[in-house]
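User: Hi, I'm new to this one. Can you walk me through it?

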Amino acid sequence: MADSVSKSLEHFQEKDLTVKVCRLLFGTIPTAPSFVYYRDLMGALRRVVPQYSGEVPASMLEEIQSEPVNRTLWVADKLDIEDATLATYTGVSNLLSWFTGGQTGRHTFEADRPQAIDAVLKICGVSYITNKLFNGSVQEKIAQLVALPAGREMVLYLCIAEIALPFSSDVVEGGWDFASKHLQGAMSEGESKFGQVMGEKATGELKETLNGMNHLLEKTMTNVREHLGSVVSKLESVMPKVFNVAGSATGVMATALDALPAWRFMGARLAAEVSAVRAVGASSQDVAGESVSNVTL
């Protein structure tokens, strides 16, 4: 019986909207890892440890069935659920709302508090995954996250789709300082909703990780902000073709809600890549040829 990670990877085909969106977003940020599409464990292994040769090791097959990995997929699924416990809209539906009237004039967090709460939910989710999937201090866990290409993609997606695009006017004007102010205003409600699903204990254990994640998001948003105009221009130029939009705002939203499980996609890739690294005993310097100290988001 196939494991959950393998099934999730196999689910996403290169022609799928989710894959196209991720390729487009990450391809627009110069410092993002080169986007590599793969549908199996060997693809993940070759991405993070290019020098490895041989079959998928048994130790990797064990890793991908571990409790932290399964929990990662579970949380990623929750981040994709529309009108349910962790989100009102998926990140990409927020992205698409930018093009369909969701951002007319000056769009602020005050004018759309649910957007800010949704962003907090996603930050809590990524923090929880980081806390669950990696070992060591908070700084060590975050370093391990961004040492992996899939980890950097997840953080970039969080910043682009969940913060920068839905609130682009505010981000352009004030960057992370402005966004952080309003995210903090929604933090209590966002954490409360996260706790309803994960349990209050899980939320309480995230305090240190959330603080560490804020530093990572601040650094990442500085880079995203510099390239936000390019992201918007590229999306505007290719949106009809990539999203198969017929011109109906309702149709766009329905398509996004039905067809873009982006967090499941990224969660499966992260789970596969961390399992690959652990299975072959690769050091941070071995991962995709990069040292953690050289990683730029």
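User: Let's start with a helix pair. Which residues of α3 meet which residues of α14?
Analyst: On the α3 side they are Leu-41, Ala-44, Leu-45, Arg-47 and Val-48, and they meet Arg-269, Ala-272, Glu-273, Ala-276, Val-277 and Val-280 in α14. Contact here means heavy atoms within 4.5 Å. Helices (H or I, at least four residues) and strands (E, at least two) are DSSP runs, numbered from the N terminus.

User: What am I looking at, and how is it numbered?
Analyst: This is a predicted model, where local features need pLDDT of at least 70 and side-chain atom pairs count only at pLDDT 80 or more, while totals for chains, interfaces and linings use all residues. Residues are numbered from 1 along each chain as its sequence is written, and side-chain values use heavy atoms, with hydrogens and water left out.

User: Back to α3 and α14. At what angle do they cross?
Analyst: The axes of α3 (residues 41–48) and α14 cross at roughly 65° and come within 8 Å. That makes α3 roughly perpendicular to α14, a label for angles of 65 to 115 degrees. Axes are lines fitted to C-alpha atoms, for helices over the stretch in contact, and angles run from 0 to 180 degrees between N-to-C directions.

User: What about another pair, α8 and α9?
Analyst: The axes of α8 (residues 138–147) and α9 (residues 149–164) come within 4 Å and cross at roughly 100°, so these two helices are roughly perpendicular to each other as well. Leu-145, Val-146 and Ala-147 in α8 meet Pro-149, Gly-151, Arg-152 and Val-155 in α9.

User: Zooming out, how many helices and strands are there?
Analyst: The protein chain has 14 helices and zero strands.

User: And how much of it is buried?
Analyst: Of its 297 residues, 55% count as buried, meaning under 20% relative accessible area with a 1.4 Å probe, protein chains only. As for contacts between residues at least 6 apart in sequence, 82% join residues at least 24 apart.

User: How many residues does the largest nonpolar core have?
Analyst: It has 87 residues, and those with the most contacts inside it are Val-5, Leu-25, Phe-26 and Leu-270. The largest share, 12 residues, comes from α14 (residues 262–280). A nonpolar core is a set of buried Ala, Val, Leu, Ile, Met, Phe, Trp, Tyr and Cys residues joined through side-chain atoms within 4.5 Å.

User: What does Leu-270 touch?
Analyst: Leaving out residues up to four places away in sequence, Leu-270 touches Ile-129, Leu-133, Phe-134, Leu-145, Leu-148, Ala-150, Gly-151 and Met-154.

User: Switching to α5, which of its residues are buried?
Analyst: Val-69, Thr-72, Leu-73, Val-75, Ala-76, Lys-78 and Leu-79. The helix covers residues 67–79.

User: Tell me about Val-69. Why does it count as buried?
Analyst: Because its relative accessible area is 0%. Outside its neighbours within four places in sequence, Val-69 is in contact with Val-5, Glu-63, Ile-64, Leu-133, Ala-271 and Ser-275. Val-69 and Ala-271 are 202 residues apart in sequence and 5.7 Å apart in space, C-alpha to C-alpha.

User: Any serines worth a look? Is Ser-127 buried or exposed?
Analyst: Ser-127, in α7 (residues 113–133), counts as buried at 0% relative accessibility. Leaving out residues up to four places away in sequence, Ser-127 touches Leu-206, Thr-209, Leu-210 and Met-213.

Note on methods:
The expected span of a helix is 1.5 Å times one less than its number of residues. Buried means under 20% relative accessible area, exposed over 50%, partly exposed in between (1.4 Å probe, protein chains only). Angles under 35 degrees count as roughly parallel, over 145 as roughly antiparallel, 65 to 115 as roughly perpendicular and the rest as oblique.
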